Amino acid sequence: MEVSKLFGGTYKGRRCLVTGDSGFKGSWLVAWLTQLGADVKGYALPPNTEPNHRTLLQTDYGSIEGNILNLDALKAVFEEFQPEIVFHLAAQSLVRYSYDNPIETYQTNVIGTLNIFEVSLQTKSVKAIVNVTSDKCYENKEWIWGYRENDPMGGHDPYSSSKGCAELLTQSYRKSFFNGTSQHILLASARAGNVIGGGDWSQDRLIPDLVKAAAIQEETEIRNPLATRPWQHVLDPLSGYLMLGWKLLNGERAFADGWNFGPDLSSNLSVREISDEAKSFWSKINYVVSTDKKNHHEANLLMLDCSKSNKLLKWTPVWDRSETIKKTIVWYKDYYENGVVNTQQDISHYVQDAIRKKKAWTL
Ligand SMILES: NC(=O)c1ccc[n+]([C@@H]2O[C@H](COP(=O)([O-])OP(=O)(O)OC[C@H]3O[C@@H](n4cnc5c(N)ncnc54)[C@H](O)[C@@H]3O)[C@@H](O)[C@H]2O)c1
């Protein structure tokens, strides 16, 4: 199957603006959109990790360095590029950092999102927005059931709470400004769980911490070994975002809503379990459990119920937990030991597996 025909051929030649393209998920999304034949522009702060995935990929597209809090700069980009769809991924994305920098976190994640909505309203070419928030947007009751899209928003730490706020903002803008039949924009929000995959070197995230230490043959100190999360490969939620974008660009209003994109329940693993499985693919990975009692509060049990996206959007993950962990760890092992960047190859394998499994976006 020709790659540009995936997602109903929606993205071929489409002007897609990706905010946060210098980050982990944004750089993968740009790589995939480029394969799909889209006309892509990125808008983000300069990369803040060394190495950085976007830099390693050397993809040929227009990336603009700017702050989403700078309304004038944003307006200029929208005016010049005239995007048809905006994938909004720019965010202060780290829980621990948010405790030390709450103002920056709320400004970026709430006011920054507000700016994206306002500028989109003023730009007639924009037909769709996919606003990426998080599974952490829900009021976490630490229970064994998955959260559904209509559960209350909440968030204990500033990051999670800022994502709950971004969801409330999304609902308000959808009802107040994007809902009239005369309006040109359909707005959806996407809530995914803990995402892994090659090319993430962010601070205080488990897999980056494990592989960075492995590369220099050191042990990683892990916090909260019993904390259980929905781990998924970055391409799984991205396939959900691209499905949403496809429906919204088709003018299907029922999809202008909130959507969970999580893994199968078997992929809900504790920090210790995923660390052990990661080690089975790269023996240099070693860890010790941190004895530091001063750790900030972090969610211990957090799962998503994805019945709505499974049934209505017909989205399901492609890779199971074992494939997800294997692809992720092999990506880093190949990078550190052979200098190879497997991103394009991972996307191709993912698409082939999705075609074989007859996923809705490949039919
Ligand atoms: N990685 C995960 O496990 C995960 C899980 C759930 C949700 N999310 C959400 O997905 C989105 C992308 O996450 P990620 O892991 O790629 O994060 P990341 O930290 O790797 O990237 C964040 C991106 O946002 C940009 N950015 C930050 N502040 C900005 C500002 N003020 N102006 C312009 N750009 C700014 C950065 O430059 C970078 O490009 C975020 O909204 C994040 O909250 C991530």
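Two strands are said to pair here if DSSP finds at least two bridges between them, and strand β9 (residues 228–233) and β11 meet that condition, pairing in the antiparallel sense over three bridges. The model is a predicted one, and the points below take up its two open sheets, the helices that pack on them, a crossing of two helices, the shell around the ligand and two backbone features. One sheet has seven strands with parallel pairing, while another has three strands with mixed pairing.

**The seven-strand sheet**

- Seven strands form an open sheet, and read across it they follow the order β3-β2-β1-β4-β5-β6-β10, with parallel pairing.
- At the edges of this sheet stand β3 (62–65) and β10 (258–261), each of which pairs on one side only, and from one strand to the next the twist averages 20 degrees.
- Inside the sheet, strand β4 (residues 85–88) runs parallel to β5 and is joined to it by four bridges; His 88 stands opposite Asn 131, which belongs to β5.
- Helix α5 lies across β1 (15–19), β4 and β5, and its direction runs at about 175 degrees to β4.
- Helix α6 also packs on the sheet, where it touches β5, β6 (186–192) and β10, and its direction makes about 160 degrees with that of β6.

**The three-strand sheet**

- The open sheet of three strands has the order β7-β9-β11, and its pairing is mixed.
- Its edge strands are β7 and β11 (268–270), since each of these pairs on one side only, and neighbouring strands are turned against each other by 50 degrees on average, with direction ignored.
- Where β9 and β11 pair in the antiparallel sense, Thr 228 has Ser 270 of β11 as its bridge partner.
- Helix α11 packs on this sheet and touches β7, β9 and β11, with a direction that makes about 70 degrees with that of β9.

**The crossing of α9 and α11**

- The axes of helix α9 (residues 271–281) and helix α11 (residues 321–338) come within 9 Å and cross at roughly 55 degrees, which makes α9 oblique to α11.
- The crossing of these two helices is right-handed.
- On the α9 side the contact is made by Ile 274, Glu 277, Ala 278 and Phe 281, and on the α11 side by Ile 325, Lys 326, Ile 329 and Val 330.
- Sorted by class, the contact of α9 with α11 has six nonpolar and two charged residues, and no polar ones.

**Around the ligand**

- There are 25 residues around the ligand, and of these Gly 20, Gly 23, Lys 25, Leu 45 and Ala 91 come nearest.
- The residues of this shell divide into eleven nonpolar, twelve polar and two charged.
- Helix α1 (24–35), helix α5 (102–121) and strand β7 (194–196) each supply at least two residues of the shell, and α1 gives the most, with three residues.
- Two of these contributors also take part in the sheets described above, as α5 lies across β1, β4 and β5, and β7 is an edge strand of the three-strand sheet.

**Backbone features in loops**

- The peptide bond from Glu 50 to Pro 51 is cis, with omega near 0 degrees, and Pro 51 is found in the loop between β2 (39–44) and α2 (53–57).
- Glu 142, a residue other than glycine, has a positive phi, near 55 degrees, and it is found in the loop between β5 (128–132) and α6 (158–176).

Conventions:
Residues are numbered from 1 along each chain as its sequence is written. This is a predicted model: local features need pLDDT of at least 70, side-chain atom pairs count only at pLDDT 80 or more; totals for chains, interfaces and linings use all residues. A residue is near a molecule or strand if its C-beta atom, placed from the backbone, lies within 6 Å of it. Ala, Val, Leu, Ile, Met, Phe, Trp, Tyr, Cys and Pro count as nonpolar, Asp, Glu, Lys and Arg as charged, and the others, Gly among them, as polar. Axes are lines fitted to C-alpha atoms, for helices over the stretch in contact, and angles run from 0 to 180 degrees between N-to-C directions. Angles under 35 degrees count as roughly parallel, over 145 as roughly antiparallel, 65 to 115 as roughly perpendicular and the rest as oblique. A crossing is left-handed if the near helix is turned anticlockwise from the far one by less than a right angle, and right-handed if clockwise. Two residues are in contact if their C-beta atoms, placed from the backbone, lie within 7 Å.
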